[in-house]
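Subject: Structure handover

Hello,

Here is the structure I promised to pass on. Please open it first, then read the notes below alongside it.

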Amino acid sequence: MPVDKDVAPVIEMRGITIQFPGVKALDAVDFTLRRGEVHSLMGENGAGKSTLIKALTGVYAIDSGSITVGGEPRTFHTTADAQAAGISTVYQEVNLCTNLSVGENVMLGHEVRRAGAIDWRATHREAARHLEALGVNLDTRTGLFSHSIAIQQLIAISRAMVTDSTVLILDEPTSSLDRSEVEQLFGVIRELRDRGVAILFVSHFLDQVYEISDRITVLRNGKLVGEYEAAKLPRNELISSMIGRQLEDLAELSSSAAREIDRSSAPVLKASGLGKKGVLEPADLEVYEGEVVGIAGLLGSGRTELVRLMYGADRSDSGRLEVHGKPARITTPRHAIDRRIAFSSEDRRAEGIVGDLSVAENIVLGIQARRGWLRRVKRSESDSIVAEYIDALGVRPADPDRPVRNLSGGNQQKVLLARWLATAPELIILDEPTRGIDVGAKADIQRKVAELSAKGLSVIFISSEIEEVIRLAQRITVMRDRRKIGELESNGLHVDDVIDYIANEGQENVA
Amino acid sequence: MTDLKTAATSPLSTVLGALNTFRSRHASWIPVFAAVLILVVMFGFAQWWFGNFLSLRLISALLLDNAYLLILAVGMTFVILTGGIDLSVGSVMAFTGILCASLVSQGVPAGVAVPLMIAAGAAIGLLIGVLVHYFDVQPFIASLVGMFLARGLAFLVSLRSIKVEDEWILALQSTRFKFGDFYITPTGIIALVVVVVGVLLLQFTRFGRTIYAIGGNEQSARLMGLPVVRTKILAYVISGVCAGLAGLVLTAYQGSGYPLNGSGAELDTIAAVVIGGTLLTGGSGYVIGSMIGVFVYGTIAILINFLGAEQSWKRIIVGGLLLVFVVVQRVIVTRSSRRT
């Protein structure tokens, strides 16, 4: 690991402060990036990572502090300024133009020209050379749209190399890549590092951060916590410095799984033989009052499909549903809402929050939908409901008038949860409520689920994190390959047991 | 892309592979090919039906009668490629036309009047561009402002038609260069030069490629460090300049300026551009396509004349074609976005 304190810093940010209306997004933060290092920027959602990056790349103006690049003080007004100074950024949502060819995307703005006109052959040759330098061999004349996100990511990095960048910022580059693609990306990152490029890396995946980083800087609530050498920073210390509290928060919830559930009365919702051709084999599921039923299984195992059928978001072609022991016809979400069943989708951006509306409006939406649009929700009433849930779930910033799109993922999820809880449901179906959100928000949401179920709310909880399912649910339905393969009592259960069960159980039933 | 995986090395898979490469490289040309196909089918049909339809004279007439539309379409292509729209072009053409006619009738030499009218077109384009970019006004609304403004200015110049007697301007239409049966006037040459300049600008300059990048994803273009502001405004200025030139060509063609000229021309222009395969969402399309679109449009008009049908059929056929093209474009867009 070529980490050496004596290497001259490429970038020195000192006392960076950025003020947003009502919030100090960054408060006197220092950050140093050296030649030939991979430096990870860590922090919860809303810690100020993105703001710091945007300050460095000229998207946001800084209110105070100084940025020095290669020893010279600089002020950037646009991303073009930053690029001219050798700072390039590759964002999570790859910012390229899918309507243009691969070669053009690499070379846009730097096309090879002869006598004032673009020389396309030379331009594509140049693009191919830059791609090959990163180990990518492809036809540069093909459209960008025909390549995977992973390849697009590498194309975006090649683009940064065209401008001879000395600093490469990678903002969550791995979140939509599979393991082998991550390996390829890391190969490229190491290669660039060895060539002397300074790399700023941001990721939620701890394993990846430790695998690739030489140094780690931690931010919390817009303030600098510290700069560490990756090799000398134990994981639990990193996590606690990020969240600023101990992980015991999560541990204390373990009692939830052991809680006794009274299953003598009729279940709140019971599905028998519910299925749909080509989507889900007929499955049974019942949820009793105050019970948390977890659904474990890999992505694509039929988890989401099952609950969508139960909620009426999709139509089943076999099976029956019973609510409190009485047969019920639930073929549209409306029917489900009328029976006090709420469903929070896994795709919160597309099927959940309304980004342009405020936090308060998003929360009240659920109540309004339940009442019907003709009956007004009184201002005083909605204010108190909104205040109650912002407080109960710890939505940050606690500003009801802020547009939801400006909140971090974890806080958007809390708003979504608040919307459904405000409708006072008897059963809430949560599909991946904690995916892609930070540890603190995750703990808040888990705590709330445990607390509400203890008071009688029934919950169906879907998560890819088996540990989380075991901790929260009393009973776990296990799914694989679009069918239910069994049910487990979660008390005393270990993650490995569930993984074994998913891997081995029910093999003999497969035709 | 399952067809690549499943097929091994049979001749069929080679063909499929080649097809795939072709589609990946030239997807955006497919709508242009479709427009060419329609043009060929129409020519073929007319030739079969009338026997003596296709001739060099017809091609000449097609070009000269639609020269103004062709110029407008080139300018419009720039704007639509950025994802915008320019509704002002018809009115700007009328305004610059009547301005020119009025100036030369008062004795101003054409050498002064023509640059003035083109500058007037550019100024209105600049206004729209500034509104769109700095004031974040929808292109539809901003260019509607330009449309009303230019039409009002046209009426301010004159309420009636003004006859042009300047020899220089009349010569633009009356001079004929003959190549056998094919003939062309300076107005036709202007239109073709505009097409060539449009192609060169879009395909061979960084400015042109930035236009495509903005239409593909404006946010990306900005983050790539491309000069988005300048380019976007310039696209509207180009459209304004083209409208000014179209005003000149139309004035020469009609031998007069008339303030009611070109009402609805903006919609004809948009129709021609869309039929020529340019996506209204921006980022995909070609000037050559727009030229084909104009020819398709002109051919429909000629066909209706030949058939002796009501002119209203022209609108109906154009409407039908537009419907087909917009749906086809939608399918292409959703298919390519599904893949990413």
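Let me begin with one residue pair. In strand E20 of chain A, Ile460(A) is the bridge partner of Val293(A). Please keep in mind that this is a predicted model.

**Around strand E20**

Val293(A) and Ile460(A) are bridge partners, and their strands are E15 and E20 of chain A. Strand E15(A) covers residues 292-296. E15(A) and E20(A) run parallel and are joined by 4 bridges.

E20(A) also pairs with strand E19(A), residues 427-431. That pairing is parallel too, over 5 bridges. Here Leu427(A) has Ser458(A) of E20(A) as its bridge partner.

How many residues of strand E20(A) are buried? The count is 5 of its 5 residues, from 458 to 462. The side chains split into two groups. Ser458(A), Ile460(A) and Ile462(A) point one way. Val459(A) and Phe461(A) point the other way. Both groups are buried.

**An antiparallel sheet**

Next, look at another part of chain A. Here 4 strands form an open sheet, with antiparallel pairing. The order is E14-E13-E16-E17. Strand E14(A), residues 280-287, lies at one edge, and strand E17(A), residues 326-328, at the other. Each edge strand pairs on one side only. On average, neighbouring strands are turned by 25° against each other, direction ignored.

A helix belongs in this picture. Helix H11(A), residues 303-311, packs on the sheet. H11(A) touches strands E13(A), E14(A) and E16(A). The direction of H11(A) makes about 115° with that of E13(A), the strand of residues 269-276.

Now for the E17(A) edge. Strand E16(A), residues 318-323, is joined to E17(A) by 3 bridges, and the two run antiparallel. Leu321(A) stands opposite Ala328(A) of E17(A).

**Cysteines**

How many disulfides does a search of the whole structure find? The search gives 0 over all chains. As background, a disulfide is a covalent bond between the sulfur atoms of two cysteines.

Cys100(B) is one example: this residue is in no disulfide. The nearest cysteine sulfur belongs to Cys242(B), 17 Å away. The cut-off for a disulfide is 2.5 Å between the sulfur atoms.

Is Cys100(B) buried or exposed? Cys100(B) is buried, because its relative accessible area is 0%, and buried means under 20%. Cys97(A) is buried as well, with a relative accessible area of 0%.

Best wishes

Terms used. Residues numbered from 1 in each chain as written. Chains lettered and ligands numbered in written order. Predicted model: local features only at pLDDT ≥ 70, side-chain atom pairs only at ≥ 80, totals over all residues. Heavy atoms only, no water. Pairing = 2+ DSSP bridges. Axes fitted to C-alpha atoms, helices over the stretch in contact; angles between N-to-C directions. Contact = heavy atoms within 4.5 Å. Buried < 20%, exposed > 50% of the residue type's maximum accessible area, 1.4 Å probe, protein only.
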